[in-house]
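Got your viewer open and your mouse ready? Let's take a walk through this protein, one selection at a time.

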Amino acid sequence: EHLHFELRSAPPEDKSSAWQRDCVHPLTALPFQDAAPVSVTVQDIQSAGVDLWAVTVFVSTTRPDVKGIAVQPLDCVEAAIPQAGDQPDQYGYLVHPSSFQFEAWNFMYSH
């Protein structure tokens, strides 16, 4: 068995290049026996102003296939609270996203 993967560089004039669109994290394709759970711990919550909070999350895992981590805050009726960092800039990139997603970041930030 072997794993084939490519490192791609999209043309700078094509921000939504198909070169990057289909890239995936190569470790998600590998078979493995260890199905250990992922441990997620909220380590710190700090007030950063009126209705602004900074949350520090620690993730621990031995799994090679974790595709990403996302934090979704909810209000008192469990409705999702929109995050300012999840709004794209004028070029369509998330400058301060509230998640870390390998495939999405590979597409956005590896041009």
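Start by selecting Gln 101: leaving out residues up to four places away in sequence, Gln 101 touches Lys 67, Gly 68, Ile 69 and Ala 70, where touching, or contact, means heavy atoms within 4.5 Å. A quick note before we move on: this is a predicted model, in which local features need pLDDT of at least 70 and side-chain atom pairs count only at pLDDT 80 or more, while totals for chains, interfaces and linings use all residues. Residues are numbered from 1 along each chain as its sequence is written, and side-chain values use heavy atoms, with hydrogens and water left out.

Stay on Gln 101, which sits in strand 4. Strands (E, at least two residues) and helices (H or I, at least four) are DSSP runs, numbered from the N terminus. Is Gln 101 buried or exposed? Gln 101 counts as partly exposed because its relative accessibility is 27%; buried means under 20% relative accessible area, exposed over 50%, and partly exposed in between (1.4 Å probe, protein chains only). Now add Val 66 and draw a distance: the two C-alpha atoms are separated by 9.0 Å, with these positions 35 residues apart along the chain.

Zoom out and colour by secondary structure. You should find two helices and four strands, in the order α-β-β-β-β-α along the sequence. The chain has 111 residues, and 12% of them count as buried. Its accessible surface is about 8600 Å², with 58% belonging to carbon and sulfur atoms; areas like this come from the Shrake-Rupley method with a 1.4 Å probe, and for residues only the protein chains shown count as cover.

Next, pick Phe 58 in strand 2. Which residues does Phe 58 contact, leaving aside its neighbours within four places in sequence? They are Ser 39, Val 40, Thr 41 and Gln 43. From Phe 58 to Gln 43 is 6.5 Å, C-alpha to C-alpha, although they are 15 residues apart in sequence. Phe 58 has 41% relative accessibility, so it counts as partly exposed.

Turn on the surface and select Val 42, Ile 45, Trp 53 and Val 55. Together they make a nonpolar surface patch with about 430 Å² of accessible area. Patches use residues with over 30% relative accessible area and no salt bridge, joining nonpolar side chains (Val, Leu, Ile, Met, Phe, Trp, Tyr) within 5 Å and like charges within 9 Å. A salt bridge is a side-chain nitrogen of Lys or Arg within 4 Å of a carboxyl oxygen of Asp or Glu. Strand 1 (39-49) and strand 2 (52-60) each supply at least two residues of the patch, and Val 42 is found in strand 1.

Last stop: Glu 78, in the loop between strand 3 (68-70) and strand 4 (99-101). What is the phi of Glu 78 near? Phi is near 65 degrees, a positive value in a residue other than glycine. Most residues other than glycine have a negative phi. Glu 78 counts as exposed because its relative accessible area is 65%.
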